[in-house]
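Please open the structure in your viewer and keep the sequence panel beside it, so that each selection can be followed in both. The tour below moves from stop to stop, saying what to select and what is there.

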Amino acid sequence: MIQYGETSVFVAAQTGPSRPGTDFFPLTVDYRERLAAAGKFAGGYLKREGRPTTKEILTCRLTDRPIRPLFPKGFRDEVQVQSNVMSCDLENNPDVLSITGASAALRISGMPFKGPIAAVRIGLIDGELVLMPTVQQMAESSLDLIVAGSDKSILMIEGFAEQMPEKEMGDAVMYAHKFIKELCKLQEDLASQLGIGPADIPEPAVNPFTAKLADQLDNLKKAKGTLLKQDRADAVRSLKTTLIEKFFPDDAKETSDGLTREQFSGAFYALEAKAVRALILGGTRLDGRAAGDMRSVNSQVSVLPRVHGSGLFTRGETQALATVTLGTTRDQQKADGLFGEFADRFMLHYYFPSFSVGECRPNRGPGRREIGHGCLAERSVASVIPKPDKFPYTIRVISDILESNGSSSMASVCAATLSLMDAGVPILQPVAGISIGIVDEGDKWTLLTDIMGDEDHFGDMDFKVAGTGRGITGIQLDLKNDGISEEIIRATLDQALKARKELLREMLSAIRRPRASVSETAPKLVQTSINPEKIGLLIGPGGKTIRAIQEETKAQIDIQEDGTVTISAANGAAADACLARIEALTEEIQPGRIYKGKVTSIKDFGAFIEIAPGKDGLCHISELSDGFIKNVNEVCKVGDVMEVKVIAVDDQNRVKLSRKAVLIEQAGGGKDTDDDADSDD
């Protein structure tokens, strides 16, 4: 059990034998937020939680990423970590506690886990870094940074900021590391009290096929040096097939000395990794680039008809097609959680179809990876989306990965930026993203700009950095080793900045700035503010008034509690007509202003004239004409429309009108006064 404030998370770690033939480490992390932890009931008929929410899935990934590299290579036992939020004080977010709790559970489990590790969240408020900020503080923070690591190095970073300079981001990461060390010591103290020492991690047995394949290293290097992804895969596959035929003639299951195909596959994979790493450390990348070079980049906009905006971004053999849909406040994504209901007006959904990597598999909806990559791209772009008072639209971006050979999430950031500018969204700054990799052999390491699939797969790091020309908006670090140093972190951020600026120059060659207006096919939105006390007046009894305005103008009206009114319509004329009706209904009656009103009733002493929906005033008989009249009916009857001037509004909000004042002004005879009207009485 890990507790911070009155927020508690219970974490359990369990291991068991893996299924026969498993050739990967089967680690599963589950994190769940029970609403009862905050004293709330789940909705729906069953009154219990359903499938994991987006936040729960992201927290599963946050917990998984820093602990996975700390199990020994070759360990194939099934491991499951389950985190359940038991109580929540509505001040401290439980997500970051899951990481430290998982480490503590694994540390005392007897598994071969090379921990402990810990994680903290860092905010930035008024220029000051804040450790473990509350939910209320995070609403004011310009940084949301989660860092995980051991007492010696950094293992995982996930952060989003408002264009934060590289040096400041590096400082924030190292600030977090100070407190990570303290949490690691707490876990060691716990293990010491229980009398549990570090788990014994046996060395994996040497694969007997390794020696048999040693002479194939140069051949594998040559195959891996093929420039294009598909050609490279074919060359490696051809070499592997040749070797299988050599060692397993006539489709034999074993060699003459009893070695199996599984042993061959394991040794070949290890040799493949050795070949790739040797090439890179020797200064040769698989496609011939230098370590700091990007692949060729191409940017296009307006590639699709009808959609509200589109952008196609290609970097090497990775390609993302982004489309934008603009909607109203009713299209916002609403969800409920521990901290109450919230609504998102900006969404980015990432789709990774199997054909993008030359595979066939069933499509059963977005998995954890797709949700994680989409949220990374979304939050990397979110800080440049204009505020609702500047651009009231709800925005949905879809990123379809058409081809993938490394860092499709950062390609989604670039494609999203292009499509938003094409849609006329006035983003504050364009955003680009790049991924930096590393091959680290301890005393020698090489950073790689714009890693492709094999470099990611056989390398040690995938460090994604997104941002504008002014600073970082999103950052994510995943490692396959047991941590990186401050030197590597700062060098990576500097190398990513150089690549990002190059990307932005290329992207801006396709579209220099956001289009001046939204697409003709997008809804037209107009926003105004009314006195919250007049919301009831606008809605009317049983919604009668608002329905009548919507039916008459063919527009849609959405009202918020603070008096913000958003009008959406198919064209600008309908939106303007609806706005005029709302303003006439809700604005304060202004003395001295001329209104066009309708006569609603006639009395002996004057006429009552409606000058705004639900608001009328008295035009005394002496104010109906610029000459003498004996009877009100000489001038008007019920239903007549006439222009009148407001000459007074008394303390009881009664309105006094004058038609005579309008006639005199139109005749150029000067202005009537309230005193003159009183003398006529």
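**An enclosed space**

Begin by selecting Y4, N92, N93, V96, R121, M132 and P133, which together line the largest cavity. The model you are looking at is predicted, and every value on this tour is computed from it. About 40 Å³ of space lies in this largest cavity, and the structure holds one cavity of 30 Å³ or more. If you colour the lining by class, you will find four nonpolar residues, two polar ones and one charged one.

**Into the nonpolar core**

Keep R121 in view and add L145, because R121 is among the residues in contact with L145 once neighbours within four places in sequence are left aside. The other contacts of L145, counted in that way, are V120, I122, I157, E158, G159, M169, A172, V173 and I475. L145 belongs to the largest nonpolar core, which has 119 residues, and L145 and I395 are the ones with the most contacts inside that core.

**Helix α2 and the loop after it**

Next, select residues 95–107, which form helix α2, and pick out S103 within that helix. Is S103 buried or exposed? S103 counts as buried, because its relative accessibility is 0%. Leaving out residues up to four places away in sequence, S103 touches F113, P116, I117 and Q187.

One of those contacts, P116, deserves a selection of its own, and P116 is placed in the loop between α2 and strand β5 (118–125). Show the backbone here, and look at the peptide bond from G115 to P116, which is cis, with omega near 5 degrees. As a general point of comparison, most residues other than glycine have a negative phi, and most peptide bonds are trans.

**Pairs of opposite charge**

Side chains of opposite charge can pair when their charged atoms come close. The count for this structure comes to 40 salt bridges, and three of the pairs are visited here.

Stay with helix α2 for the first of these stops and select R107 together with E188, whose closest N and O atoms are 3.1 Å apart in a salt bridge. R107 lies in helix α2 and E188 in helix α4 (residues 166–194), so this pair ties together parts that are 81 residues apart in sequence. R107 is buried, with a relative accessible area of 8%, whereas E188 is partly exposed, with a relative accessible area of 32%.

Then select E33 and K55, whose side chains meet in a salt bridge at 2.7 Å, N to O. This pair links distant parts of the chain, since E33 is in strand β3 (residues 27–33) and K55 is in helix α1 (residues 54–67), 22 residues apart. At 8% relative accessibility E33 counts as buried, while K55, at 25%, is partly exposed.

For the third pair, select K224 and D454, which form a salt bridge with their closest N and O atoms 2.9 Å apart. K224 lies in helix α6 (residues 217–224) and D454 in helix α11 (residues 453–458), so the pair ties together parts that are 230 residues apart in sequence. Both partners count as buried, K224 at 3% relative accessibility and D454 at 18%. Now select R285, D287, R289, R295, R315, D450 and E455, which are joined into one network by salt bridges that share partners.

**Helix α12**

Select residues 486–508, which form helix α12, and find A496 there. A496 is buried, with a relative accessible area of 0%. Which residues does A496 touch, not counting those up to four places away in sequence? They are I434, I436 and V465. If you draw a distance line between the C-alpha atoms of A496 and I436, which are 60 residues apart along the chain, the separation is 6.7 Å.

**Two residues with positive phi**

Finish with two loops, where the backbone is again the thing to show. D126 is placed in the loop between β5 and β6 (128–131), and its phi is near 55 degrees, a positive value in a residue other than glycine. D126 counts as exposed, at 77% relative accessibility.

The last selection is D251, in the loop between α7 (229–247) and α8 (261–281). Phi of D251 is near 60 degrees, again a positive value in a residue other than glycine, and D251 counts as exposed at 55% relative accessibility.

Key
Residues numbered from 1 in each chain as written. Predicted model: local features only at pLDDT ≥ 70, side-chain atom pairs only at ≥ 80, totals over all residues. Heavy atoms only, no water. Core = buried A, V, L, I, M, F, W, Y, C linked by side-chain atoms within 4.5 Å. Buried < 20%, exposed > 50% of the residue type's maximum accessible area, 1.4 Å probe, protein only. Contact = heavy atoms within 4.5 Å. 1 Å grid on protein atoms, 1.4 Å probe; cavity = no way out; pocket = protein on both sides within 12 Å on 5 of 7 lines; lining within 4 Å. Points joined across faces, edges and corners; volume = space filled by probe spheres on them. Nonpolar A, V, L, I, M, F, W, Y, C, P; charged D, E, K, R; others polar. Helix = DSSP H or I, 4+ residues; strand = E, 2+ residues; numbered from the N terminus. Salt bridge = Lys/Arg side-chain N within 4 Å of Asp/Glu carboxyl O.
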